[in-house]
Amino acid sequence: MPKQTVAVIGASSDRSKFSNKAVRAYISQGWDVFPVNPKGGEIEGLKVYTSIEEVPVKIDRVTMYLPS
């Protein structure tokens, strides 16, 4: 069975934020994780996509994190 994929929209490199905790939790459960943040860069060793349209694979799940 292929790995499931998840896009984490609003992912943060700040390990205290829930969006970063989500990235780490999905990784630990064996998902292929695609962080999305307009700033780009890298989070937890993963390339950050600046929009969901840039993600090069079919996404099975999307989670979204917004600032309060």
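**Which residues make up the largest nonpolar core?** This first close-up of the predicted model shows them together: Val6, Val8, Ala11, Val23, Tyr26, Trp31, Val33, Ile43 and Val48, 9 residues in all. Two elements, β1 (5-9) and α1 (18-28), each hand over at least two residues to this core. There's also a second, separate core to look for, made of 5 residues, with Phe34, Val36, Tyr49 and Val55 among them.

**The whole chain, before we zoom in further, has 1 helix and 5 strands.** Start at the N terminus and follow the elements along: they run β-α-β-β-β-β. The C-alpha atoms fill a box of roughly 35 × 25 × 20 Å, taken along the principal axes. Why does the chain fit the picture of a compact globule? With 68 residues, such a globule would have a radius of gyration near 11 Å, and the chain has 11 Å, so the two agree. Of those 68 residues, 34% count as buried. The chain's accessible surface comes to about 4500 Å², and 53% of that belongs to carbon and sulfur atoms. Now think about who touches whom: take the contacts with a separation of 6 or more, and 55% of them are between residues 24 or more positions apart.

**Here is the open sheet, built from 3 strands in the order β2-β1-β5.** The pairing is parallel. Which strands sit at the edges? They are β2 (32-36) and β5 (61-64), and each of them pairs on one side only. Neighbouring strands of the sheet are turned by 20° against each other on average, direction ignored.

**This view zooms in on β1 and β2, which pair in the parallel sense over 5 bridges.** You can pick out partners across the pair: Ala7 stands opposite Phe34 in β2, and Ile9 has Val36 in β2 as its bridge partner. Is β2 largely enclosed or open? 4 of its 5 residues are buried, so β2 is largely enclosed by the rest of the structure. Phe34 and Val36 may look familiar, since both showed up in the second core.

**Ile9 takes centre stage in this close-up of strand β1.** Leave aside its neighbours within four places in sequence, and Ile9 is in contact with Val36, Ile52, Val62, Thr63, Met64 and Tyr65. For a sense of scale, look across to Leu46: Ile9 and Leu46 are 37 residues apart in sequence and 14 Å apart in space, C-alpha to C-alpha.

**Ile43 and the residues it touches fill this view.** Not counting residues up to four places away in sequence, Ile43 touches Ala11, Ser12, Ser13, Asn20, Pro35 and Val48. Two of those names, Ala11 and Val48, belong to the largest nonpolar core, and Ile43 itself is a member too.

**Our last stop is Gly30, in the loop between α1 and β2.** Why does Gly30 count as partly exposed? Its relative accessible area is 32%, and partly exposed covers values between the buried limit of 20% and the exposed limit of 50%. Finally, hop from Gly30 to Ile52: the two are 22 residues apart along the chain, and their C-alpha atoms are separated by 21 Å.

Notes:
Residues are numbered from 1 along each chain as its sequence is written. This is a predicted model: local features need pLDDT of at least 70, side-chain atom pairs count only at pLDDT 80 or more; totals for chains, interfaces and linings use all residues. Side-chain values use heavy atoms; hydrogens and water are left out. A nonpolar core is a set of buried Ala, Val, Leu, Ile, Met, Phe, Trp, Tyr and Cys residues joined through side-chain atoms within 4.5 Å. Buried means under 20% relative accessible area, exposed over 50%, partly exposed in between (1.4 Å probe, protein chains only). Contact means heavy atoms within 4.5 Å. Two strands pair if DSSP finds at least two bridges between them. Axes are lines fitted to C-alpha atoms, for helices over the stretch in contact, and angles run from 0 to 180 degrees between N-to-C directions. The radius of gyration is taken over C-alpha atoms; the globule rule is 2.2 Å times the number of residues to the power 0.38. Accessible areas come from the Shrake-Rupley method with a 1.4 Å probe; for residues, only the protein chains shown count as cover.
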